Amino acid sequence: MLFGYAGTILEVDLTAGRIEKTPLPENLAADYIGGRGFVARLLWDKITRKTDPFSPQNLLIIATGPLSGHLLPASGKTHFGTKSPATGGYADANMGGHFGPALKYAGYDVLLLTGRAPQPSYLFIEDDTVELRPAEAWWGQGALITEATLKKELGDTFKIITIGPAGENRVRFACISHDFGRQAGRTGIGAVMGAKNLKAVAVKGTGGLPVFDIDGLYEKGRSAFEKVRAKPGFAGWTPEGTAGITDWVNEVGAFPTRNFQTSFFPGYQNINGKAVVKRLKITDKGCSCCPTPCGKYGRAKTGRGDVYVEGPEYESIAILGGDCTLGSIEEVAFANYVCDELGLDTISAGGVAAWAMECFEKGILSAEQIGRPVRFGDLESLVYLLKKTAAREGIGDLLAEGVMRASAQVGRGSESFAIHVKGLEWTGYESRNAPGMMLAYMTADVGAHHNRAWALGHDVAGSAASVHDLISAGRDSGKMAKSRVGGQAESVIALQHIRPLFDCLGVCRLQYMELGFEVEHYEELFFLVTGRKMSWDDLLAVSERIWHLTRAFSVREVDGFGRKSDYPPPRFSREPVPDGPNEGHFLSIQELDMLLDEYYAARGWDQNGIPTKETLRRVGLADVAEALARR
Amino acid sequence: MRITLHLSGGLKAVLSHLPEEMSLQLERPASLREILMRAGINPLLVMVVTVDGQRGNKDQVIDHDAEITLIGPMAGG
Ligand code: SF4
């Protein structure tokens with residue numbers, strides 16, 4: 001028996017309406033743990049080479065981990081995977097809330113969706129009952145309103161994921177929504193769901209899960225919950241949640257501003273964590289079993305009316321607020337709400353809008369081409385661009401392609417400030433003086449995303465002047481010294497194994513990353529749930545295997561994938577930061593090459609960034625090595 | 001005044017050469033920034049502070065015995 005897991009993969013062929021339940025293979029659980037690991041291996045095994053992301057042959061995988069749904073801290077995470085319409089390569093996205101646990105209680109570790117429903121549909125799952133039901137009535141409606149309507153119809157005990165019009169219209173950065181403010185946001189996963197004619201999945205589970213040591217887990221889960229809340233950082237971090245880091249990111253000059261033209265936003269105090277708490281927050285909101293609810297559910301009063309919204313969390317503040325330079329937290333919350341209802345990833349949508357605003361500012365796109373003037377700092381401009389994009393109307397049809405494709409089409413130098421890696425728009429950390437963070441963005445398997453490795457803290461530690469120098473200068477901040485470039489590969493690689501490991505286990509990483517909840521607890525919880533004795537290092541070794549596998553997937557799927565796929569946009573190697581704490585800094589092409597050379601060598605990849613046969617064999621991927629050799 | 005500093009979360013990883021808990025004796029009130037520099041911690045590395053369990057800021061002046069928790073760099077989501 002596989003302790004900890006529900007034990008079944010549920011596969012639904014939406015074209016034929018065929019539903020199949022197969023036992024979860026023991027070797028899949030042993031070699032890939034769960035969540036992200038399942039996504040990576042199933043995508044590699046089941047997707048036919050060069051599948052079009054929008055074709056019925058693409059897969060949409062929803063996977064839980066062995067710790068998902070158990071009585072232990074923050075066990076509400078769910079992982080999604082597909083072949084990305086944004087990058088053409090490996091894609092995944094992680095979501096909080098309550099969906100994954102419900103799926104497991106219904107009896108399924110993995111939901112594997114193939115094909116395309118003949119008409120707009122939703123998938124109904126109540127324990128053993130699995131049905132494809134019509135959803136024409138909701139097609140065209142917002143993600144939030146659809147969830148509310150379905151909940152009304154089915155009951156509050158159903159946990160629901162939905163897409164908005166952006167997903168239906170195959171916007172390449174559409175997201176999947178859940179629980180009125182949680183998203184599987186990145187890599188265009190919602191567009192794949194839309195291409196499958198699937199508006200929603202509703203699940204209710206009433207079963208239990210097999211646990212290796214139920215008494216031990218109960219005791220450990222309870223004490224772990226208390227220990228997390230007793231962490232000295234609890235009182236400092238939880239009240240503002242992720243928004244609380246806005247001040248610091250500006251202090252160290254890493255805040256995306258005006259489409260990453262600069263890295264400090266003078267108006268940041270109007271859109272920071274304090275503003276969220278003071279002007280928006282009604283209540284804290286957390287995922288399943290979370291001891292540290294970081295969600296801030298609130299109401300924003302704007303000239304356009306009042307909206308209820310979860311957040312905005314830091315990434316949305318950075319990209320909608322800083323990058324599009326909005327003036328108040330209410331405006332950020334309003335834009336956040338518009339994205340949530342339309343089913344747009346706030347990060348990519350904000351990045352695309354900021355790119356369009358800069359194109360207008362530079363005269364590359366005219367008001368006639370766009371349909372109106374669009375300016376930084378103007379909420380109306382932003383909302384206009386978001387709505388056009390979700391509907392693929394007018395200029396929106398171009399923007400819905402994401403900045404990589406849109407800038408290739410528009411040209412005239414706009415590629416230089418299309419801020420992405422591999423086709424995925426950049427998240428909330430400007431990195432021209434942060435070589436570790438830059439390397440993390442360059443090498444993240446899904447594109448420019450911070451959640452694989454967040455190395456900014458290490459960069460700041462390396463670049464900030466010594467305490468002695470600060471004291472002699474009579475101050476402690478101001479201008480940052482130029483960071484030393486080189487030597488970052490090791491810490492970035494270590495982080496790239498740690499953070500995604502939580503996405504395999506099915507628990508939130510924030511208790512570990514932000515509050516320092518010790519790794520020993522996770523080893524023990526893993527043992528009590530599964531009965532498998534694995535040290536933290538053993539678990540990290542699995543995470544390393546997955547890292548090589550996701551790279552191999554993109555090598556197999558994307559023509560010409562390799563070193564050239566890892567460079568950031570030219571802006572970051574040509575334009576020094578114009579002002580703020582990092583004024584004058586940038587990373588030259590030679591420095592970027594040095595970062596990549598060190599990284600590839602440490603990874604065991606060749607100079608083009610392709611995993612070598614020896615490396616793949618060393619991590620237990622001999623079959624993948626053979627397949628790549630035959631390519 | 002006796003000040004106790006606790007390093008939390010990501011700060012422990014970044015300042016691995018320092019102990020998790022430190023005590024300082026202060027003769028006069030001082031801002032948290034000054035206290036941090038006296039303890040050999042660059043204030044830029046501290047993202048969030050709590051003073052006696054309440055959220056504070058680095059410009060706050062400390063004029064009494066205090067338990068101060070320093071939270072280091074952490075990602076926003
Ligand atoms: S810390 Fe935030 S994201 Fe993590 S489980 Fe809790 S509420 Fe969810």
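How do the residues of the shell around the ligand divide into nonpolar, polar and charged, and how many fall in each class? In this predicted model, the shell comprises eight nonpolar, three polar and two charged residues. Of the 13 residues around the ligand, those that come nearest are A:Arg182, A:Cys287, A:Cys290, A:Cys294 and A:Cys508.

**A:Cys294 and its surroundings**

One of these nearest residues, A:Cys294, is found in the loop that lies between β13 (281–285) and β14 (295–302) of chain A. Its relative accessibility is 18%, and because buried means under 20%, A:Cys294 counts as buried. When residues up to four places away in sequence are not counted, A:Cys294 touches A:Arg182, A:Trp237, A:Gly241, A:Lys285 and A:Leu510. The C-alpha atom of A:Cys294 is separated by 7.3 Å from that of A:Pro239, although the two residues are 55 residues apart along the chain.

**The sheet β13-β14-β15**

The strands on either side of this loop, β13 and β14 of chain A, belong to an open sheet of three strands with the order β13-β14-β15 and antiparallel pairing. Since β13 and β15 (305–310) of chain A each have a single partner strand, they stand at the edges, and one side of each is left without a neighbour in the sheet. Direction ignored, neighbouring strands of this sheet are turned by 15 degrees against each other on average. Between β13(A) and β14(A) the antiparallel pairing extends over four bridges, and A:Thr283 stands opposite A:Tyr297 in β14(A).

Two helices of chain A are in contact with strands of this sheet, as set out below.

| Helix | Strands touched | Angle |
|---|---|---|
| α10(A), residues 273–280 | β13(A) and β14(A) | about 65 degrees to β14(A) |
| α12(A), residues 329–342 | β14(A) and β15(A) | about 70 degrees to β15(A) |

**The hairpin β4-β5**

Elsewhere in chain A, strand β4 (residues 78–83) is joined to β5(A) by six bridges, the two strands running antiparallel. Together β4(A) and β5(A) form a hairpin with six residues between them, and A:Gly88 in the turn has a positive phi of about 80 degrees. Within this pairing, A:Phe80 has A:Ala93 in β5(A) as its bridge partner.

Strand β5 (residues 90–95) of chain A is largely enclosed by the rest of the structure, because six of its six residues are buried. Both of its faces are covered, with A:Tyr90, A:Asp92 and A:Asn94 buried on one side and A:Ala91, A:Ala93 and A:Met95 buried on the other.

Note on methods. Residues numbered from 1 in each chain as written. Chains lettered and ligands numbered in written order. Predicted model: local features only at pLDDT ≥ 70, side-chain atom pairs only at ≥ 80, totals over all residues. Heavy atoms only, no water. Buried < 20%, exposed > 50% of the residue type's maximum accessible area, 1.4 Å probe, protein only. Contact = heavy atoms within 4.5 Å. Pairing = 2+ DSSP bridges. Axes fitted to C-alpha atoms, helices over the stretch in contact; angles between N-to-C directions. Near = heavy atom within 4 Å. Nonpolar A, V, L, I, M, F, W, Y, C, P; charged D, E, K, R; others polar.
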